[in-house]
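Trainee: I would like to go through this structure by question and answer. Please show it first.

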Amino acid sequence: MDFFHNTSAPAKSSFHIADEAEACAAVLMACLRANELDSDEDNAAFYSAIKSRNIFKGHDPAALVTTVAGYFEQAGSPAALIDASMKAIREQTRLPLFYHCLDVIMSDGVVTPRENQVYQYLKGRFKVDDELAWKALEVMVMKNKL
């Protein structure tokens with residue numbers, strides 16, 4: 001399975017996520033599933049965001065995770081899941097979500113090649129300026145030194 005397409009799965013029909021909270025959770029799930037080294041269960045940054053961020057208030061965290069895991073299976077790849085989420089994510093939500101994505105990606109202290117692909121893809125899709133993305137990366141590296 002590569003970043004853009006799941007070559008082992010049959011072609012999926014294009015779908016879009018309409019709910020912004022589900023779309024944000026799906027993007028975080030794409031970051032979580034991009035990690036080739038660790039299991040999904042260990043990522044405290046992912047689960048903390050799903051349980052505590054304002055965008056997810058009023059949603060059952062376990063149900064939200066189950067829903068977006070199903071979306072990931074339907075999409076077949078991190079890029080396809082991100083693409084399916086884009087229309088539902090407002091402009092003002094994208095930069096804070098980008099920072100949370102970096103937190104999920106960097107939470108184990110290792111950025112795998114596939115996680116780097118997600119970072120680059122999100123930077124482009126969310127239209128995050130290179131300088132701002134670099135500063136965000138520096139902040140997360142420093143944060144994760146603690």
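Trainee: Which helices each supply at least two residues of the lining of the second largest pocket?

Mentor: Keep in mind that this is a predicted model. The second largest pocket holds about 230 Å³ of space, and its lining consists of 13 residues. The helices that each give at least two of these residues are α1 (20-33) and α5 (91-106).

Trainee: Which helix gives the largest share of that lining, and how many residues is that?

Mentor: Among the lining residues nearest the centre of the pocket are Thr-93, Pro-96 and His-100. Their numbers fall within 91-106, the range of α5. The largest share of the lining does come from α5, with five residues.

Trainee: How many residues of the lining are nonpolar, how many polar and how many charged?

Mentor: Arg-53 and Ile-55 are also among the residues nearest the pocket centre. Arg counts as charged and Ile as nonpolar. Over the lining of the second largest pocket, the division is seven nonpolar, four polar and two charged.

Trainee: How are α1 and α2 oriented, roughly parallel or roughly antiparallel?

Mentor: The axes of α1 and helix α2 (residues 44-52) come within 10 Å and cross at roughly 170°. An angle over 145 degrees counts as roughly antiparallel, so α1 relative to α2 is roughly antiparallel.

Trainee: Which residues of α1 and α2 meet, and how many of them are nonpolar?

Mentor: On the α1 side they are Ala-25, Leu-28, Met-29 and Leu-32, and on the α2 side Phe-46, Ala-49 and Ile-50. The contact has no polar and no charged residues. The count of nonpolar residues in this contact is seven.

Trainee: Is Pro-78 buried or exposed?

Mentor: Pro-78 is found in helix α4 (residues 78-85). Its C-alpha atom is separated by 9.1 Å from that of Leu-32, 46 residues apart along the chain. Pro-78 has a relative accessible area of 0%, and under 20% counts as buried, so the answer is buried.

Trainee: What share of the contacts with a separation of 6 or more comes from residues 24 or more positions apart?

Mentor: The protein chain has seven helices and zero strands, in the pattern α-α-α-α-α-α-α along the sequence. Of its 146 residues, 45% are buried. Among contacts with a separation of 6 or more, the share from residues 24 or more positions apart is 79%.

Note on methods
Residues numbered from 1 in each chain as written. Predicted model: local features only at pLDDT ≥ 70, side-chain atom pairs only at ≥ 80, totals over all residues. Heavy atoms only, no water. 1 Å grid on protein atoms, 1.4 Å probe; cavity = no way out; pocket = protein on both sides within 12 Å on 5 of 7 lines; lining within 4 Å. Points joined across faces, edges and corners; volume = space filled by probe spheres on them. Helix = DSSP H or I, 4+ residues; strand = E, 2+ residues; numbered from the N terminus. Axes fitted to C-alpha atoms, helices over the stretch in contact; angles between N-to-C directions. Parallel < 35°, antiparallel > 145°, perpendicular 65-115°, else oblique. Contact = heavy atoms within 4.5 Å. Buried < 20%, exposed > 50% of the residue type's maximum accessible area, 1.4 Å probe, protein only.
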